[in-house]
Structures are given as C-alpha cells and as structure tokens.
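Q: I am new to this structure and would like a close look at a single part of it. Please take one pair of neighbouring elements, describe how they are arranged, and then place them in the chain as a whole.

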Amino acid sequence: MIELLATETPVIMYSFLFFIGLFFGSFLNVLADRLSKRKTILGRSMCDSCKHVLSWNDLIPIVSYLMLHGKCRYCKAPFSIQYPLAEIFTGVIFVLTWYLSTERLIISADLFGIHIIHIAIVAVLIVMFLSDIRYQIIPDEMQIALLMLGILKVVSLSLFLKGTSLIGLSQDLGMHILYGVGVMSPLLLVFLITKGRGMGFGDVKLAFVMGLILGLLSGFLALYISFVVGGMVGGVLLLTKKGKRKTKIAFGPFLILGLYLMMFIEEDIILFVSRIYGF
Ligand SMILES: [Zn+2]
C-alpha cells in the first residue's frame with residue numbers, strides 16, 4: 001500500500017498541478033493583457049470585438065476554446081490561439097517546475113515553502129513573458145512581485161541554512177542586493193550608451209532581480225544564455241526576412257529563459273558550457 005502510494009502520489013500531484021496550471025494560465029493571460037494596457041485587473045472579461053461580457057462557460061481553459069471552435073459565442077470573431085496555448089504552457093511549466101524544484105534541487109529538498117515560492121516566481125515570469133511578447137512591456141507590478149519573491153527566497157534560504165541570526169540575514173540580503181547591481185550593470189550600460197534604443201529599462205530592472213535571485217556568477221551565466229539565444233533567434237529572423245533590421249525583438253523572454261534555466265538546471269548548464277569551451 002505504501003509502495004502504491006509512493007508511485008501513485010506523484011501522478012496525482014502532477015495531474016493536479018497541470019489542472020491548476022491551466023486555470024492559472026487563463027488568469028495570467030488576463031493579467032498580461034490588462035497590466036500592459038494599464039487597465040484594472042478587476043471586472044469581467046469581455047470579447048475584444050463585440051464587448052459582450054463573457055460568461056463562465058466561455059472561460060473554461062481549453063474546453064471553451066474547443067467547444068466554440070476558437071470563436072466568440074456572440075459575434076463569431078476569432079479568439080487568438082495564443083490564449084489556449086498559454087494555458088497549456090502554464091500547466092506544463094507548473095509540472096516541470098515542481099518536478100525540478102522537488103526532485104532535482106538539493107538545497108531546497110527539505111524546505112517545502114521554497115517549492116511554493118518557485119511556482120509563484122514562475123507564475124510572475126509567465127506574465128512578464130506574455131506581456132513582453134505581446135506588447136513589448138514588462139509591467140512594473142510584476143517587477144515588484146518578482147523582487148518581493150526574490151527577497152523572500154533569499155531570506156528563507158538564509159534562515160534555513162544559517163539560523164535566525166539577524167546579522168547573518170542582513171549580510172546575506174546585502175550581498176544579494178550587490179549581486180543584483182552587478183548583474184544589472186552591463187545592461188544598464190547598454191541602456192545608457194544607446195539611450196534606451198538597444199535595451200529597454202524593463203530589461204535592466206529584470207536583470208537586477210536575476211542577480212539578486214541567482215548570485216553573481218550564475219546571474220552572468222544567465223545573461224550569457226539570454227544574449228546567445230537572443231542573438232540566434234534574432235539572426236534566424238533576419239535571415240528569413242521575417243524581421244527587418246529595425247524590427248524590435250523583445251529581450252525580456254530571453255532573460256526569463258536564462259533565469260529559469262539557471263534557477264532549475266544550473267549544474268547541467270555549467271557542465272554544458274564547460275564542455276563547449278573545453279574546461
Ligand atoms: Zn464577440
């Protein structure tokens with residue numbers, strides 16, 4: 001019976017997380033749209049075309065989209081495929097994050113709260129990702145939320161690893177703020193030199209929190225991943241002529257990718273990078 005539980009529990013847990021993720025995805029979609037357009041996050045959802053208020057059965061993740069064949073029930077205007085895809089994406093990322101956080105990260109294995117903080121961080125990152133891809137904006141509300149969660153993670157780990165010494169805690173926090181400044185500096189420099197044309201200030205703020213969460217070396221490695229992957233995607237877009245030279249590609253999604261990879265599979269990334277450069 002115990003063996004059965006041990007094998008069955010993760011399946012139930014992960015299915016539950018995926019299901020929760022679908023509904024969260026629907027909510028994060030709304031947050032990304034409304035925060036970017038500076039609308040209130042309260043109030044009922046409506047169709048963008050006919051402004052008809054959507055009822056609960058128009059808003060069930062995936063199911064409504066399939067039942068309505070991707071069209072508004074009232075005016076038949078098509079809904080973007082982005083929305084159900086973002087819902088599925090959120091479900092998948094929730095499951096993946098929980099797995100990596102609980103099974104792969106050694107440091108937090110005994111600290112249940114850290115896994116919850118990780119899921120919350122990932123939820124915020126998804127809103128940032130969707131906002132930056134759709135509107136080339138990273139909402140300040142999400143920057144503040146990410147900063148708070150980052151501080152919460154640093155404080156939790158510090159208390160967990162070093163006990164409740166106030167001096168130790170303030171030292172740790174101080175160090176991580178310095179890491180943030182360090183990782184932010186290169187992007188701030190690009191921002192200042194190009195007068196904001198090469199880099200948005202939202203990216204600079206995000207890089208600060210990346211440094212705060214990851215530390216100096218991992219933070220720089222995350223930046224490195226962002227520039228390499230961003231450069232490759234930019235190059236492909238240029239070659240296929242989908243993006244002209246003037247087309248702005250949001251950099252935020254690449255920063256988010258770098259942050260995610262360094263948060264959850266840091267060791268694999270370091271091994272991979274060291275193999276490429278042969279050290
Ligand atoms: Zn409509």
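A: The crossing of helices H5 and H6 is right-handed, as seen in what is a predicted model. H5 covers residues 140-162 and H6 covers residues 166-193, and their axes come within 10 Å of each other while crossing at roughly 140°. Angles over 145 degrees would count as roughly antiparallel and those from 65 to 115 as roughly perpendicular, and H5 and H6 are therefore oblique to each other.

Looking at the residues that bring the two helices together, one finds Val154, Val155, Ser158, Leu159 and Lys162 on the H5 side, and these meet Gly168, Leu169, Asp172, Leu173 and His176 on the H6 side. Sorted by character, the residues of this contact between H5 and H6 comprise 5 nonpolar, 3 polar and 2 charged.

Turning to the setting of this pair, the secondary structure of the chain amounts to 10 helices and 0 strands, so that, read from the N terminus on, its elements run α-α-α-α-α-α-α-α-α-α. The chain has a radius of gyration of 21 Å, close to the 19 Å that the globule rule gives for 279 residues, and it is therefore as compact as a globular protein of that length. Along the principal axes, the C-alpha atoms of the chain fill a box of roughly 60 × 60 × 40 Å. Of the 279 residues in the chain, 31% are buried, and among the contacts with a separation of 6 or more, 67% are between residues 24 or more positions apart.

Note on methods: Residues numbered from 1 in each chain as written. Predicted model: local features only at pLDDT ≥ 70, side-chain atom pairs only at ≥ 80, totals over all residues. Axes fitted to C-alpha atoms, helices over the stretch in contact; angles between N-to-C directions. Helix = DSSP H or I, 4+ residues; strand = E, 2+ residues; numbered from the N terminus. Parallel < 35°, antiparallel > 145°, perpendicular 65-115°, else oblique. Left-handed = near helix turned anticlockwise from the far one by under 90°. Contact = placed C-beta atoms within 7 Å. Nonpolar A, V, L, I, M, F, W, Y, C, P; charged D, E, K, R; others polar. Rg over C-alpha atoms; globule rule 2.2 N^0.38 Å. Buried ≥ 20, exposed ≤ 12 C-beta atoms within 10 Å, placed from the backbone.
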